[in-house]
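Colleague: Could you take me through this model and say why each label is used? I would like to see the values set against the cut-offs.

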Amino acid sequence: MNIDVLLMTCCGFEDDGRQVRFFLDSPTPELSLTRDHPVRTNLFHLFAGIDADAVRDFLARHRCWEVMRLPPEYTPERGAAAVRISGRWHSGRHSPLYLFAATRRIRDEEHREQLRRAVGFLIASVLENPVRDHEYADLTLLRQVIDTAPLDTELCPAVEVGQ
């Protein structure tokens, strides 16, 4: 199994802990490195058992492919965790992460895009210079919530984040 080729032909993947599913845009997909966003489609390759473990091992060594991972569905628990993470990682009062942590909401699509850029920068920094084991996982969860959370809705009460 050539996982590099599989990742270049898929339009996204998800891992539910038991199996890994690679979504395809056609029965004969073409190689591409320019797909912008992961997409869930009706066509997919399904891997379980030792094949799924091999995919997970590959992805652990090649984190650049994480951009193709479909985020899990938004939940209030994930929203509260993202707000707490944002509060630890913001760079000051004018940061989009600070606004997110302070208001516990994503105002609009422009704010969402600012958050994506800020978290993308932080993830790149952590990949280049990791300090603590949980940093990458925390920032990945934050990015996933930013991508899936509803707009202009309080994601959690202040009491859940200690404010």
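**Labels and their reasons**

Colleague: Why is I50 called exposed?

Modeller: The relative accessible area of I50 is 72%. Exposed means over 50%, buried under 20% and partly exposed in between (1.4 Å probe, protein chains only), so I50 counts as exposed. I50 lies in helix α2, residues 49-61.

Colleague: What are the ground rules for these values?

Modeller: The model is predicted, and local features need pLDDT of at least 70, side-chain atom pairs pLDDT 80 or more, while totals for chains, interfaces and linings use all residues. Numbering starts from 1 along each chain as its sequence is written, and side-chain values use heavy atoms, with hydrogens and water left out.

Colleague: What makes Q19 buried?

Modeller: Q19 has 19% relative accessibility, so Q19 counts as buried. Q19 belongs to strand β2. Leaving aside residues up to four places away in sequence, Q19 touches E14, L46, F47, A48, A52 and R56, where contact means heavy atoms within 4.5 Å.

Colleague: How far is Q19 from I50?

Modeller: The C-alpha atoms of Q19 and I50 are separated by 9.8 Å, with their positions 31 residues apart along the chain. For I50 and L139, 89 residues apart along the chain, the separation is 28 Å.

Colleague: How are the strands arranged in the sheet?

Modeller: An open sheet is formed by 3 strands in the order β1-β2-β3, with antiparallel pairing. β1 (12-15) and β3 (43-48) each have a single partner strand, so one side of each lacks a neighbour in the sheet and both stand at the edges. From one strand to the next, the twist averages 20 degrees. Strands are DSSP runs of E with at least two residues, helices runs of H or I with at least four, numbered from the N terminus.

Colleague: How do you know that β2 and β3 pair?

Modeller: Strand β2 (residues 19-24) and β3 share 6 bridges in the antiparallel sense, and two strands pair if DSSP finds at least two bridges between them. One of the partnerships joins L24 to L43 in β3.

Colleague: How many aromatic pairs are there, and why is F22 with F47 called edge-to-face?

Modeller: The structure holds 3 aromatic pairs. The ring centres of F22 and F47 are 5.7 Å apart and the planes stand at 85 degrees, so this pair is edge-to-face. Rings of Phe, Tyr and Trp (its six-membered ring) pair if their centres lie within 6.5 Å; planes under 30 degrees apart are stacked, over 60 edge-to-face, and the rest tilted. F22 in strand β2 and F47 in strand β3 are 25 residues apart, and the pair links distant parts of the chain. F22, at 0% relative accessibility, is buried, and F47 is buried with a relative accessible area of 14%.

Colleague: What makes F23 with F44 an edge-to-face pair?

Modeller: Their ring centres are 6.2 Å apart and their planes are at 65 degrees, so F23 and F44 are edge-to-face. This pair also joins strand β2, through F23, to strand β3, through F44, over 21 residues. F23 counts as buried at 3% relative accessibility, whereas F44 is partly exposed at 38%.

Colleague: Which residues form an aromatic cluster?

Modeller: F13, F22 and F47 form one cluster.

Colleague: What describes the packing of α4 and α5?

Modeller: Two packed helices are described by the angle between their axes and the distance between the axes. For helix α4 (residues 96-103) and helix α5 (residues 109-128), the angle is about 115 degrees and the axes are 8 Å apart. The axes are lines fitted to C-alpha atoms over the stretch in contact, with angles from 0 to 180 degrees between N-to-C directions. The contact involves P96, L97, L99 and F100 of α4 and H111, Q114, L115, A118, V119 and L122 of α5.

Colleague: How do you know that the length of α6 agrees with its residue count?

Modeller: Helix α6 (residues 135-148) has 14 residues, which should span 20 Å at 1.5 Å a residue, and its end C-alpha atoms are 20 Å apart, so the two agree. The expected span is 1.5 Å times one less than the number of residues.

Colleague: What makes α6 mostly covered?

Modeller: In α6, 10 of the 14 residues are buried, among them Y136, L139 and I146. The cover includes α3 (76-89), α4 and α5.
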